[in-house]
Amino acid sequence: MIEEPSWTVGVEEEYLLVERASGNLIRTQPRGLMEKVSSLHHGIVSPEFFSSQIEIGTEVCQNMGDLRAEIGLLRIAVAEAAEDYGLAPIAVSTHPFAQWEDQQVTQAKRYQELAADLQGVIRRLVISGLHVHVGIEDPELRIDLMGQVTYFLPHLLALSGSSPFWEGRDTGLKSYRPSVFSAAPRTGLPEQFGSWAEFQRHIDVLVAAGIIEDSSKVWWDIRPSARYPTLEMRVTDLPTRMEDTVAIAAVYVCVLRMLWRLRMENKRWRSYTNFLVSENLWRAQRYGVRDQLIDFGKGTLVPFSDLVEELIELVRPDAEAMGYVSEVEHIRTICQRGTSADHQIAVYREALEGGATEQEAMKAVVQMLIRDTLAPAVG
């Protein structure tokens, strides 16, 4: 019998840094900003590919209460440090009107090597995401659950949408970030692997060929972490409101625990091809929480609000066991009030209807993002 995993949680969030007054995305990060953030909190703070980004990572958290506190303190630390330079962080997957050509690559060896390798593809990736690590110590179990949990990735993407705008245009999508990211190699849904050894053999082919150093350069929507004994979920946009991040993390943990529980009962979730799951990922990208996904069992489109209710009930035993009921039920609130993308679009359209220019409406969106990034999570 497989021992129950620890289900510890860690989160990485990538923020964009904007000028408070203008809302413009900065090109060059002020000297000393990173050190100032680090001095304000003990979490992991690091640069990202572009100088306009800053990544935070929580400590290993035992529960959602710890996670909520960690993210809150890190967001505050980044905001307080940035304020000294007239800047602010925004938790969002694309800046509403920034031009990718204007962005400067961070002067660190890793990022310079990536720029040389991926060329024009990576220079367009002015995008941010949410990554959730869940502690699963047994590598065989990590691979097994990775193959099953892909079914639920469209649900998580829909709940997280925060990238409706790109270079000053309404894309018509609630989550445009995946369309940008998919141009890079080794992205998208993972292959189905029958064992940890099979997964490792595939990685070893690329390592032996000198293409990658390790699996950290495999950027699938979900992957076994190269650094930690975790299953890392990477499909989601970065929610602007912290309470949405916590809820998505809780649902992800509970879905994994549900799949483990089925395994303990000699059951498993039905497997569907990447072809079908990708169709739901597209619908999540396009419509977010406001439309329908395919219920593959029924063979029909089902309102996302109905799927949210089914998901809450599906993982309720696990949410109760872990004490995450309120966090899981918060996805009902996300569905009812909309995601960051829905809020951004509403602010933009309201500004235009009030007589604002396109640029003024976009700036109003950024000001909303600054406020909502620091909105407290409840729980």
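Student: At the start of α2, which backbone nitrogen does a side-chain oxygen of N63 reach?

Tutor: A side-chain oxygen of N63 comes to within 3.1 Å of the backbone nitrogen of G65. A pair like this is a polar contact (N or O atoms within 3.5 Å; within protein, one must be able to donate a hydrogen and the other to accept it, and residues adjacent in sequence count only if both atoms are side-chain atoms). Before we go on, this is a predicted model, in which local features need pLDDT of at least 70 and side-chain atom pairs count only at pLDDT 80 or more, while totals for chains, interfaces and linings use all residues. Residues are numbered from 1 along each chain as its sequence is written, and side-chain values use heavy atoms, with hydrogens and water left out.

Student: How do I read a helix label, and what span should helix α2 have?

Tutor: Helices (H or I, at least four residues) and strands (E, at least two) are DSSP runs, numbered from the N terminus. The expected span of a helix is 1.5 Å times one less than its number of residues. Helix α2 (residues 64-83) has 20 residues, so it should span 28 Å, and its end C-alpha atoms are indeed 28 Å apart. Helix α14, with 14 residues, reaches 20 Å from first C-alpha to last, close to the 20 Å expected.

Student: Which residues of α14 are buried?

Tutor: Buried means under 20% relative accessible area, exposed over 50%, and partly exposed in between (1.4 Å probe, protein chains only). In α14, the buried residues are S340, A341, D342, Q344, I345, V347, Y348 and A351. As a general idea, an α-helix has 3.6 residues a turn, so residues three or four places apart point the same way.

Student: And what do those buried residues pack against?

Tutor: They pack against β6 (165-166) and α15. Contact here means heavy atoms within 4.5 Å. On the α14 side, S340, H343, Q344, V347, Y348, A351 and L352 take part, meeting E358, A361, M362, A364, V365, M368, L369 and D372 of α15.

Student: At what angle do α14 and α15 cross?

Tutor: Axes are lines fitted to C-alpha atoms, for helices over the stretch in contact, and angles run from 0 to 180 degrees between N-to-C directions. The axes of α14 (residues 340-353) and α15 (residues 358-373) come within 8 Å and cross at roughly 140°. That makes α14 oblique to α15; under 35 degrees counts as roughly parallel, over 145 as roughly antiparallel, 65 to 115 as roughly perpendicular, and the rest as oblique. The crossing is right-handed.

Student: Which way does α6 pass α11, left-handed or right-handed?

Tutor: A crossing is left-handed if the near helix is turned anticlockwise from the far one by less than a right angle, and right-handed if clockwise. The crossing of α6 and α11 is left-handed. Their axes lie 12 Å apart, at an angle of about 115°. H155, A158 and L159 in α6 meet F304, L307 and L311 in α11.

Student: S160 is in α6 too. Is S160 buried or exposed?

Tutor: S160 counts as buried, at 2% relative accessibility. Its side chain reaches the backbone oxygen of L157 at 3.0 Å. Beyond neighbours within four places in sequence, S160 is in contact with T236, D237, L238, P239 and I248.

Student: What does the side chain of S93 reach?

Tutor: The backbone nitrogen of L238, at 2.8 Å. S93 sits in the loop between β4 (87-90) and α3 (109-118) and is buried at 0% relative accessibility.

Student: Which side chains make polar contacts with the side chain of E232?

Tutor: There are contacts with R223 at 2.8 Å and with R234 at 3.2 Å. E232 belongs to strand β11 (residues 230-233) and is buried, with a relative accessible area of 2%.

Student: Finally, how should I read the sign of phi?

Tutor: Most residues other than glycine have a negative phi. R186 is not a glycine, yet has a positive phi of about 60°; R186 is in the loop between α7 (177-181) and β8 (187-188) and is partly exposed at 21%. N266, also not a glycine, has a positive phi of about 60°. N266 lies in the loop between α9 (242-264) and α10 (274-287) and is exposed, at 76% relative accessibility. A glycine, G355, follows α14 with a positive phi near 100°.
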